[in-house]
Each structure stands twice: as structure tokens, then as C-alpha cells.
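Good morning, and thank you for making time for this presentation. I would ask you to look at the sequence and the structure together as I speak.

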Amino acid sequence: MITMVASFVAIAGQLLMPGLAALCRDWQVLQALIICPFLLMLLYWSVFPESLRWLMATQQFESAKKLILHFTQKNSMNTETDIKGVMPELEKELSRRPKKVCIVKMVGTRNLWKNIVVLCVNSLTGFGIHHCFARSMMGHEVKVPLLENFYADYYTMASITLASCLAMCVVVRFLGRRGGLLLFMILTALASLLQLGLLNLIGKYTQHPDSGMSDSVKDKFSIAFSIVGMFASHAVGSLSVFFCAEITPTVIRCGGLGLVLASAGFGMLTAPIIELHNQKGYFLHHIIFACCTLICIICILLLPESRNQSLPESLSNGEHYTRQPLLPHKKAEQPLLLTNAELKDYSGLHDAAAAGDALPDSAAANAANGLRSCGSARGLP
């Protein structure tokens, strides 16, 4: 919920930007006005406390104890009654050395590094192809009358971003993180492929005088596909960052988020690169990202589902996230993959089977001993 609130705050800043530009009149003044709020981030280290979850996960119990005492004093809590049993446990663990984990250690894992790489590719593709749809919507020679000026283009894109965030909140709630990411990626791929393929086919028909199709029809189709693509691609990029924050363990969560955000920044960096080359290679640029969407659809199926699951703390917890089917199995249907909790229920089967195998042998031995005793009593050999 906090992540989505932050997204809406960013959209609010995007909506206010043209008003600030109109007031400043000079791009240098506007740049200084945008940078000034970032100076407040210098106070971040003194205003906001360290993450208590991260301190506990990395065994920094001395700092965690000080932070807990600070919280109890700020909230006027009684340490003897409200947090009874917490401080004695921390006192026992103070002698342990902190264990900070570097993001490089995820390379030695089996599943965690794959999940982070898949989300990095998703964020790069989502934010990279977003510019292709935006340029396609604004770059036509024959435009729709609604999109003839800069402000209409700008607020149209901001409205699409707002609608994308609202839809993402609803879809993720019902379909889960992986299902929502897969749905938005499929929409992005369809919009991209239809824009590249169907519009070229329409362009061929418009060259025939008897076809009855004009260039304006092609432009309207292109704008429609661009709106759908911008809507879905923004959701893909934002949801990839949100998804990474949930499946990455606490000990390396900042590092994992940094990788996904860096991939998203690299995807957005492709936009000015194309602009600097006077739009040369734009069509190839769009084709490459369209192919990436098809690859991402397959890779998303390999991701685990993090909805209604506790956040992983250590690397081993992150490895225990299992890939579950997208659709829940029926009650009478046996699931193909068992979860870790279900595997624990079968932990005693080996001992029970061994005891069951030993039971006939012991029974036979007891029966043989009984026959011998009976035979000895009767004087039989």
C-alpha cells in the first residue's frame, strides 16, 4: 500500500509539472526548483531510523536493542510489560557477530538470482518500450484533433499512467503479483505486435485507390494501440519493482531493488539515445523490445507468487519460495508440486515404511518361536 501511495505522489508531481513550467518561464529556474526538494534528502539519515527488520536479519542485535528502546521511549511503552521476553532474548544474542550479506552472494543461490534477473529484464522491457508507444502516439503527420498540442499530449500520457496504477491495484489484488504481471505483459506484447504488423498491412491497403482506407484510419489505429501499450507497459515496469521488493530477502533487499531500478533506468535511457540520433533505428528499437516481451511472458511463469506470504529474511528463506500454478487446483485433483509445509507432513513416511517392512519379519519370527516352543513342549524336533 505504501508503494502504491508513493506511485500516486509521483503522478501528482507529473501533473503539476506543466504548471510549474508555465510559472517559471525559464528552464534554468525550473531545473533549480525541481532540484531544491532533493536537498531535504540530506536529512534522511537523521530523521528516519534504520530498518529494524534488516538489523535483526543481519544479526546486528546491539543496534536493534538501541532502536527498540528508542521506540519504546517515543511511544511511552513499558519495557517490563509491553515487550516482555524480547529484551532478555536480545541480551543472549549480543555476543554474536553481525552477518551482513552482499548482493553478490545471490549468484550462489539456485532460484533467487533467476527471479531477480527475470524482474530486471521485465523492468527494462516495460520502461524501454513505453517510449516507443509514447513516440508513436505523438509522432504522426496526421494527428487526431485532440492531440494537436503539447499539453494535450502531456496530460494524456499522465492520465494513462494514473489509470495504469489504479488498474494495477485492482488486478494484483485478484490475480496476484505473478498473474497481474503476466496479464500486463501479454497486453504489452499484443499492442506492440499489432502496431508493428497490422499497421503495415493497413498501410499496404491504403496505397490502393479502391481500398477506401486513408492515412487517418492508420493513425487512429496506431494511437489506440499506443494507448493500450503505454497503459500496460507502465504497469509492467512498476509491478516488477514492487514484486522484487517482496521476493528478495531482507538481507539483500536494497541490492535487489537497486538492480531492478537500474534496469528500469537503462530502459528509460534508450529514449534520449534514439532522440539524439534523429530517430534513426527507431523501428529496430521497437522490434527488439517487442521480442523481449515475448521472452518475458515465458520467464514470468518461472516466478513464485508472493501474495499472502511472509517476507523472506535470509537467503535460505528466499530459496524456499516455490513456484505454484497460476490457477488453483480442484479439490479432488492431486497437485503436481507440493509446498514445503506439505513436504514436512511426509517427513515421517520413511520411518513408518521401515517400521512396516520390519513388522512382517518380526511377526514371522515370533510365530516361528511360538511353533518351536510348542514343538519342544510336545517332544517334536
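I begin with a single residue: Glu-313 is partly exposed, because its relative accessible area is 25%. Before I turn to its partner, please note that what you see is a predicted model.

Which residue does Glu-313 bridge to? The partner is Arg-53, and the closest N and O atoms of this salt bridge are 2.3 Å apart. The two residues lie 260 positions from each other along the chain, with Arg-53 in helix 4, residues 52-57, and Glu-313 in the loop between helix 11 (282-300) and helix 12 (315-319). The bridge thus links distant parts of the chain. Arg-53 has a relative accessibility of 39%, so it too counts as partly exposed.

How many salt bridges does the structure hold? There are two. The other one joins Glu-246 to Arg-177, with 2.8 Å between the closest N and O atoms. Here again distant parts of the chain are linked: Glu-246 belongs to helix 9 and Arg-177 to helix 8, 69 residues apart. Are these two residues buried or exposed? Both Glu-246 and Arg-177 are buried, whereas Arg-53 is partly exposed, as is Glu-313.

Let me now step back to the overall fold. The protein contains 14 helices and zero strands, so there is nothing but α in the pattern read along the sequence. Of its 381 residues, 34% are buried. The accessible surface amounts to about 23900 Å², and carbon and sulfur atoms account for 66% of that area. If we consider contacts between residues at least 6 apart in sequence, 74% of them join residues at least 24 apart.

I turn next to the aromatic residues. A search of the whole structure gives two aromatic pairs. One of them is formed by Tyr-154 and Tyr-155, in an edge-to-face arrangement with 5.9 Å from centre to centre and 90° between the planes. Tyr-154 has a relative accessible area of 16%, which is under the 20% limit, and therefore counts as buried. Tyr-155, at 34% relative accessibility, counts as partly exposed.

The other pair consists of Phe-184 and Phe-231, which is also edge-to-face, at 6.2 Å centre to centre and 65° between the planes. Why does this pair tie together separate parts of the sequence? Phe-184 lies in helix 8 and Phe-231 in helix 9, residues 215-247, so the pair connects parts that are 47 residues apart in sequence. Phe-184 is buried, with a relative accessible area of 2%, while Phe-231 is partly exposed at 22%.

Phe-231 also appears among the neighbours of another residue, Ser-164. Ser-164 is found in helix 8, which runs over residues 150-206. Its relative accessibility is 0%, so it counts as buried. Leaving aside residues up to four places away in sequence, Ser-164 touches Phe-231, His-234 and Ala-235.

His-234 brings us to the largest pocket, where it is one of the residues closest to the centre, together with Gln-14, Phe-127, Thr-161 and Met-268. The volume of this pocket is about 910 Å³, and 29 residues line it. Which helices each supply at least two residues of that lining? They are helix 1 (2-24), helix 7 (112-138), helix 8, helix 9 and helix 10 (253-276). The largest share comes from helix 1, with seven residues.

I close with a residue in helix 10, namely Val-260. With a relative accessible area of 0%, Val-260 is buried. Not counting residues up to four places away in sequence, Val-260 touches Leu-119, Cys-120, Ser-123, Ser-240, Val-241 and Cys-244. For one of these, Cys-244, the separation from Val-260 is 16 residues in sequence and 7.5 Å in space, C-alpha to C-alpha.

To draw the strands of this talk together: helix 8 and helix 9 are joined by the salt bridge between Glu-246 and Arg-177, and also by the aromatic pair of Phe-184 and Phe-231. Both helices contribute to the lining of the largest pocket. Thank you for your attention.

Terms used. Residues are numbered from 1 along each chain as its sequence is written. This is a predicted model: local features need pLDDT of at least 70, side-chain atom pairs count only at pLDDT 80 or more; totals for chains, interfaces and linings use all residues. Side-chain values use heavy atoms; hydrogens and water are left out. Helices (H or I, at least four residues) and strands (E, at least two) are DSSP runs, numbered from the N terminus. Buried means under 20% relative accessible area, exposed over 50%, partly exposed in between (1.4 Å probe, protein chains only). Contact means heavy atoms within 4.5 Å. Accessible areas come from the Shrake-Rupley method with a 1.4 Å probe; for residues, only the protein chains shown count as cover. Rings of Phe, Tyr and Trp (its six-membered ring) pair if their centres lie within 6.5 Å; planes under 30 degrees apart count as stacked, over 60 as edge-to-face and the rest as tilted. A salt bridge is a side-chain nitrogen of Lys or Arg within 4 Å of a carboxyl oxygen of Asp or Glu. On a 1 Å grid over the protein atoms alone, a cavity is a set of points where a 1.4 Å probe fits but cannot get out, and a pocket is an open set with protein on both sides within 12 Å along at least five of seven lines; lining residues have an atom within 4 Å of a point. Grid points are joined across faces, edges and corners, and a volume is the space filled by probe spheres set on the points.
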